[in-house]
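Please read the points below with the structure open beside you, and check each one against the residues as you go.

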Amino acid sequence: DGNYCLTCGSDKTLKLWNPHKGTALRTYQGHGYEVLDAAGSFDNSQICSGGADKAVALWDVTTGQVVRKYRGHAGKVNCVQFNEEATVIVSGSIDSTVRCWDCRSRRPDPVQVLDEAKDGISSVKLSAHEILTGSVDGRVRRYDLRTGQLCSDYIGSPITSVCFTKDGQCVLVASLDSTLRLLDKDTGELLGEYTGHRSTTYRLDCVLNEQDTHVGCASEDGHVYFWDLVEGSLALSLPVERGVVQSLAFHPRLPCLLVATQGQVTLWREDTFQPE
């Protein structure tokens, strides 16, 4: 809902914040190594996380306790997401697989393993009936759970981040050739290319703003770049830090952006912004 934010880091913890006040609300400890990704459930009651200890964890937000730990990945877990009802956690790993875990079952093994990728999974996103994955093998894969079909598009450069447009028609893909691409979801047609940022080494995020008018990307030169989605022209370059900008998260409905760099998170918003 845009009221809270989650951070995770190399100190093996997750932290829950009120980003609008800058206050830390709770710390979650239970991973054995650095935590690489985290996501909240639709009702803010649960958190899922994955890390370098190869484990996927399900947390109770209120108690701060690990409800369940899922082990099965053979390498670091790079990305985790809940489905809409928060009944399933989908995790992507450096072991080239995507695994789906049933949050309500006591069974230790995943309900499904997607092993089509030839290299590590760097990014996973979910819609109501689809799983979208980006892999270091240079392919974007979209699994349609209703039809049981897999669509694959070859980008050719290792992919760092993927996301759906808000209208669900297109897919935004960031890769290590310092290029952001917008693809038509159904045909795979290239609708737009966005360049100017630097992405050659790190796993950096791409985002769309709350109205689908602009695409954004983190950069290794300490900036965040935004382009006009239709025109492809650079609209904004935010100087954040000297180091690498790693992670981005846009508010679901308002012009408000969270940016993570080494050891800190900054909040950017328009002057007119009013927290709800």
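1. A polar contact is a pair of N or O atoms within 3.5 Å, where, within protein, one must be able to donate a hydrogen and the other to accept it. In this predicted model, one such pair involves Ser-135, since a polar atom of the side chain of Ser-135 lies 3.1 Å from the backbone oxygen of Asp-119.

2. Ser-135 belongs to strand β13, which covers residues 130-135. Is Ser-135 buried or exposed? Because its relative accessibility is 0%, Ser-135 counts as buried. Apart from neighbours within four places in sequence, Ser-135 is in contact with Ala-117, Asp-119, Gly-120, Ile-121, Ser-122, Arg-141, Pro-158 and Ile-159.

3. Turning to the chain as a whole, the protein chain contains 26 strands and 0 helices. Its C-alpha trace spans about 50 × 45 × 30 Å along the principal axes. The radius of gyration is 18 Å, which agrees with the value near 19 Å that a compact globule of 276 residues would have. Of these 276 residues, 50% count as buried, and among contacts between residues at least 6 apart in sequence, 35% join residues at least 24 apart.

4. In soluble globular proteins, nonpolar side chains tend to be buried together. Here the largest nonpolar core has 14 residues, of which Leu-172, Leu-180, Tyr-194, Cys-206, Val-215 and Trp-227 touch the most other members. The elements giving two or more residues to this core are β17 (170-175), β18 (179-184), β20 (206-208), β21 (214-218) and β22 (223-228), and the largest share, 3 residues, comes from β17.

5. Leu-172 deserves a separate look. When residues up to four places away in sequence are not counted, Leu-172 touches Ser-161, Val-162, Cys-163, Leu-180, Arg-181, Leu-182, Tyr-194, Cys-206, Val-207, Leu-208 and Val-215.

6. Asp-212, in the loop between β20 and β21, is a residue to examine with care. Which side chain of opposite charge is nearest to Asp-212? It is that of Lys-166, 4.9 Å away, and Asp-212 is buried yet has no salt bridge; the cut-off for a salt bridge is 4 Å between a side-chain nitrogen of Lys or Arg and a carboxyl oxygen of Asp or Glu.

7. The side chain of Asp-212 does, however, have backbone partners, with a polar atom 2.9 Å from the backbone nitrogen of Lys-166 and a polar atom 3.1 Å from the backbone nitrogen of Asp-167. Leaving aside neighbours within four places in sequence, Asp-212 is in contact with Thr-165, Lys-166, Asp-167 and Leu-229.

Notes:
Residues are numbered from 1 along each chain as its sequence is written. This is a predicted model: local features need pLDDT of at least 70, side-chain atom pairs count only at pLDDT 80 or more; totals for chains, interfaces and linings use all residues. Side-chain values use heavy atoms; hydrogens and water are left out. A nonpolar core is a set of buried Ala, Val, Leu, Ile, Met, Phe, Trp, Tyr and Cys residues joined through side-chain atoms within 4.5 Å. Buried means under 20% relative accessible area, exposed over 50%, partly exposed in between (1.4 Å probe, protein chains only). Helices (H or I, at least four residues) and strands (E, at least two) are DSSP runs, numbered from the N terminus. Contact means heavy atoms within 4.5 Å. Lys and Arg count as positive and Asp and Glu as negative; His and the chain ends are not counted. The radius of gyration is taken over C-alpha atoms; the globule rule is 2.2 Å times the number of residues to the power 0.38.
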